[in-house]
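This briefing sets out the internal space, fold, cores and selected residues of the structure shown below. The points are grouped by topic for ease of reference.

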Amino acid sequence: MELFLFAVSGIHVIYYAVLVLFTDATWMTQLYWPVSAAVFALIAQLLRIDRKRKQKRRRCMPLELRTVICTSCGLYFLLIGVFTVLIFSRGFSENPEDADYLIFIENGDVETSLTESDYNALSCTIDYMTRHENTSVVLAGCSRFRDLEVDENELQDLMKKYLTDQGISEDRIITEEISNNLRQNIMYSYAYILMDWYGDDAEREAEPTVGIVAEAASVFRYWMIVRNLGDVSRHMKIVSFHEPVLGWPARIVEEVQLIVRYHLINQFEYTPSERSGL
């Protein structure tokens, strides 16, 4: 067991170095990897010392404690494995070809510039809208920074300019400016879509189909939010794009953390006031 944990610790250190050296990830945003490496190395060293003490017939840790440590490590790897399967089972399963609207949600941290992930998502959006000339896009997500020192319209302006510079006409771009979190991004963007879709034609029978632009690793989290929309979820799919393979392990870990945190703060459930927006 200790050899396996030492190997896992070494892999974490190597992957951390690769992330910092060869991607745009900063050492501060990826501290999970060196911290995890230190924890696994410490546990492995404790187990190794305990095994040697046992061979010399010295006092060692109780069997119960050793069992708890080994079981905890096993459950940790099982949890990561299960989430990895769930994330990728959803991440490659959708991509509709008939969306009337796209919802683009800015996913970066509190910054005043677009991230590499944002540009990848924008490229996916542009590619889709180029192939489907009647598809419009709703830009959402920036106003959740409203209580911080970030201009809530600045990122949307940057995204809108990038889209128009790439040939997307301005009349195909809608901005959503009232949401504070991810589920509101989706809910309120859909409300904007309904207003644009029906307009003065209140008797229009067809309902719009919607594609939410998301990185493949985030599709499972988005799906958990969308499925709680009730009947609206029938008209929503995910338009996914894939990050470089090198970043997948880091993104999976981030997604696991986000999914757990979303459950703790009840982010997957809609409040009555949010539902009344539709």
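In this predicted model, the largest cavity is lined by Phe 88, Glu 215, Ala 216, Ala 217, His 242, Glu 243 and Trp 248. The protein chain has 278 residues, of which 43% count as buried. Its secondary structure amounts to nine helices and five strands.

**Internal cavity**

- Rolling a probe the size of a water molecule over the atoms reveals where empty space remains.
- One cavity of 30 Å³ or more is present in the structure.
- The volume of the largest cavity is about 40 Å³.
- What is the make-up of the lining of the largest cavity by class? Four of the lining residues are nonpolar, one is polar and two are charged.
- Phe 88, Ala 216, Ala 217 and Trp 248 are nonpolar, because Ala, Phe and Trp belong to that class.
- Glu 215 and Glu 243 supply the charged residues of the lining, and His 242 is the polar one.

**Overall organisation of the chain**

- Along the sequence, helices and strands succeed one another in the pattern α-α-α-β-α-β-α-β-α-β-α-β-α-α.
- Among contacts in the protein chain with a separation of 6 or more, 76% are between residues 24 or more positions apart.
- The protein chain has an accessible surface of about 15100 Å², and carbon and sulfur atoms account for 57% of that area.

**Nonpolar cores**

- The largest nonpolar core comprises 34 residues. Within this core, the residues with the most contacts are Ile 105, Ile 186, Ile 212, Tyr 222 and Met 236.
- Two or more residues of this core come from each of helix 3 (63-91), strand 1 (101-105), helix 6 (182-198), strand 4 (210-215), helix 7, strand 5 (236-241) and helix 8 (248-264).
- Helix 6 gives the largest share of this core, namely seven residues.
- A second core, separate from the largest one, has 20 residues, including Leu 122, Met 129, Leu 139 and Met 159.

**Helix 7 and the loop that follows**

- How much of helix 7 (residues 219-226) is covered? The helix is mostly covered, with seven of its eight residues buried.
- The buried residues of helix 7 are Val 219, Phe 220, Arg 221, Tyr 222, Met 224, Ile 225 and Val 226. One of these, Tyr 222, is also among the residues with the most contacts inside the largest nonpolar core.
- Asn 228 belongs to the loop between helix 7 and strand 5.
- Is Asn 228 buried or exposed? Asn 228 is buried, because its relative accessible area of 18% falls under the 20% limit.
- Asn 228 and Glu 269 are 41 residues apart along the chain, and their C-alpha atoms are separated by 6.6 Å.

**Helix 1 and the loop to helix 2**

- Ser 9 lies in helix 1. With a relative accessible area of 8%, Ser 9 is buried.
- Beyond its neighbours within four places in sequence, Ser 9 contacts Ala 37, Phe 40 and Ala 41.
- Thr 23 is located in the loop between helix 1 (2-22) and helix 2 (32-55). Thr 23 counts as partly exposed, because its relative accessibility of 27% lies between the 20% and 50% limits.
- Which residues does Thr 23 touch, not counting those up to four places away in sequence? They are Val 18 and Leu 246.
- Thr 23 and Gly 247 are separated by 224 residues in sequence, and the distance between them is 8.1 Å in space, C-alpha to C-alpha.
- Leu 31 is also placed in the loop between helix 1 and helix 2. Leu 31 has a relative accessible area of 31% and is partly exposed.
- The C-alpha to C-alpha distance from Leu 31 to Tyr 16 is 8.2 Å, with their positions 15 residues apart in sequence counted as the separation.

**Helix 4**

- Ser 123 is part of helix 4 (residues 116-131). Ser 123 counts as partly exposed, at 38% relative accessibility.
- Ser 123 and Tyr 162 are 39 residues apart in sequence, and 9.7 Å apart in space from C-alpha to C-alpha.

Note on methods
Residues numbered from 1 in each chain as written. Predicted model: local features only at pLDDT ≥ 70, side-chain atom pairs only at ≥ 80, totals over all residues. Heavy atoms only, no water. 1 Å grid on protein atoms, 1.4 Å probe; cavity = no way out; pocket = protein on both sides within 12 Å on 5 of 7 lines; lining within 4 Å. Points joined across faces, edges and corners; volume = space filled by probe spheres on them. Buried < 20%, exposed > 50% of the residue type's maximum accessible area, 1.4 Å probe, protein only. Helix = DSSP H or I, 4+ residues; strand = E, 2+ residues; numbered from the N terminus. Contact = heavy atoms within 4.5 Å. Areas by Shrake-Rupley, 256 points an atom, 1.4 Å probe, with all protein chains shown as cover. Core = buried A, V, L, I, M, F, W, Y, C linked by side-chain atoms within 4.5 Å.
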